[in-house]
Amino acid sequence: MVTQGQRADGSDNSSKAAQVVLFQVAGRSFAIDLRQVEQIVEYREPTKTPRRPPYVEGVVEHRGRYLALVNLRRRLGVAAPGPAHPAVLLVTGAGPDPVVGIVVDQVFRVLSLPSEGVLSPPPRVFGIRAAFIRGVANTGGRPVVWLDVARLVTTTEPIALLA
Amino acid sequence: MLSRTLTKRLGRGRLEAPVAREQVLLFRVGDGQYGIGMRGLWEVLSPEGVTGLPTAGYQICTALAYRGRRLPLIRLGELFGVSAERVSPSARVLLVQGNGQPLGLLVDEVQEVVEVEPHRIAPMPAQATELSPSLFRGLVGHGGRVILLIDTDGLGSMTEVKGFAGN
């Protein structure tokens, strides 16, 4: 078992680095594996679907296919409305659909996280249970939470992000 | 190069195969727009028959009195979680074939018939709804809108409808 303070992937190879996309939700910095991000697109008003999970906004068309739009603010239990022009990450490997649109407040940049800089999370970070987190890192003196987006969008366990 | 150019030119002169189109009846349930293929639609009825037989409130499947018969009626508003307290004057019952049997669908309003291109119908993302994917034939764009096409066979196969047959 990996304990707090050890590298999240448990490897000894200090030269490994993960490419992640750094983004913001409700003032907190998060990361997602770059290999999972197919594209970043502008937010468009979705078509509402019936009996959708509370954090799903509906569907949007993208190049002839339809994608479920997951609002990460809502999934993290943030009640306050987000920005007028959020960004949408088209993410693969996050549930049964080939691609899911994840609505985030703002996308910053692609970041290289050296494996030695990614730590296993404590039981909770910002109120998010460690089961939803792949690791925690620091960038520019700010904590970055590397999310397990697949787990986040395939379970309905309530989350309350701490402000 | 020349042959490719010729092929292109000849290609332009060729008659293009007509694009297959399908007529779809659009209707509203809550604030959502849905559609069903006209081929599966038998009749559009006013909803008087809905209250003609004793029914328990807020059930997804209730009874429809139709020409002396008692047919299953699916309240789509209940199924989709957007049910109004009372049936509005614009409400209609779509009489369709669902899994080999006549089936009524209570909708809030019948809107129009449009033509869509069947090859543009794409599947409903599984993560977009908690309902069974078998209830949806797919999604299709029309005039800048997205229409959710429902699958009447899927509706006719619902447990609630099968249970109705045993009543």
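This text walks through a predicted model with chains A and B, from overall build to local detail.

Start with chain A. Its secondary structure comes to two helices and 12 strands. From the N terminus on, the order is β-β-β-β-β-α-β-β-β-β-β-β-β-α. Along the principal axes, the C-alpha atoms fill a box of roughly 45 × 30 × 30 Å. The radius of gyration of chain A is 16 Å, which agrees with the value near 15 Å for a compact globule of 163 residues. Of those 163 residues, 42% count as buried. Contacts reach along the sequence too. Take the contacts in chain A between residues at least 6 apart: 59% of them join residues at least 24 apart.

Now the core. In soluble globular proteins, nonpolar side chains tend to be buried together. Here the largest nonpolar core has 85 residues. The residues with the most contacts inside it are Ile102(A), Val145(A), Trp146(A), Leu147(A) and Ile74(B). The list includes residues of chain A and one of chain B. Strand 1 (residues 17–25) of chain A gives the most to this core, with six residues. Trp146(A) deserves a look of its own. Leaving aside neighbours within four places in sequence, Trp146(A) is in contact with several residues, among them Val20(A), Ala31(A), Val118(A) and Ile133(A). Its contacts also include the run Arg134(A), Gly135(A), Val136(A) and Ala137(A).

Ile102(A) leads to strand 7 of chain A, where it is the bridge partner of Val70(A). Strand 7 (residues 99–104) is largely enclosed by the rest of the structure, because six of its six residues are buried. In a regular strand the side chains alternate between the two faces of the sheet. Both faces of strand 7 of chain A are covered. Val99(A), Gly101(A) and Val103(A) are buried on one side. Val100(A), Ile102(A) and Val104(A) are buried on the other.

Which strands pair with strand 7 of chain A? Strand 5 of chain A pairs with it in the parallel sense, over three bridges. Strand 6 (residues 87–92) of chain A pairs with it in the antiparallel sense, over six bridges. In that second pairing, Val91(A) stands opposite Val100(A). Strands 6 and 7 of chain A form a hairpin with six residues between them. Gly93(A), in the turn, has a positive phi of about 70 degrees.

Chain B has an open sheet of five strands in the order 3-6-7-5-4, with mixed pairing. Strand 3 (41–45) and strand 4 (61–66) of chain B stand at the edges. Each has a single partner strand, so one side of each is left without a neighbour in the sheet. The twist averages 35 degrees from one strand to the next. Inside this order, strand 5 (residues 69–75) and strand 7 of chain B pair in the parallel sense over three bridges. Arg75(B) stands opposite Leu106(B) in strand 7.

Where do the chains meet? 21 residues of chain A are in contact with 17 residues of chain B. On the chain A side, the elements that give two or more residues are strand 4 and strand 5 (65–71). By class, this side of chain A has 10 nonpolar, five polar and six charged residues.

Two backbone details remain. Arg51(A) is not a glycine, yet has a positive phi of about 50 degrees. Arg51(A) sits in the loop between strand 3 (37–42) and strand 4 (56–62) of chain A. Asn99(B), also not a glycine, has a positive phi of about 55 degrees. Asn99(B) lies in the loop between strand 6 (92–98) and strand 7 (101–107) of chain B. Buried or exposed? Arg51(A) counts as partly exposed because it has 15 C-beta neighbours inside 10 Å. Asn99(B) counts as partly exposed, with 15 such neighbours inside 10 Å.

Note on methods:
Residues are numbered from 1 along each chain as its sequence is written. Chains are lettered from A and ligands numbered from 1 in the order in which they are written. This is a predicted model: local features need pLDDT of at least 70, side-chain atom pairs count only at pLDDT 80 or more; totals for chains, interfaces and linings use all residues. Helices (H or I, at least four residues) and strands (E, at least two) are DSSP runs, numbered from the N terminus. A residue is buried if 20 or more other C-beta atoms lie within 10 Å of its own, exposed if 12 or fewer, and partly exposed in between; C-beta atoms are placed from the backbone. Two strands pair if DSSP finds at least two bridges between them. Axes are lines fitted to C-alpha atoms, for helices over the stretch in contact, and angles run from 0 to 180 degrees between N-to-C directions. The radius of gyration is taken over C-alpha atoms; the globule rule is 2.2 Å times the number of residues to the power 0.38. Two residues are in contact if their C-beta atoms, placed from the backbone, lie within 7 Å. A nonpolar core is a set of buried Ala, Val, Leu, Ile, Met, Phe, Trp, Tyr and Cys residues joined through C-beta atoms within 7 Å. Ala, Val, Leu, Ile, Met, Phe, Trp, Tyr, Cys and Pro count as nonpolar, Asp, Glu, Lys and Arg as charged, and the others, Gly among them, as polar.
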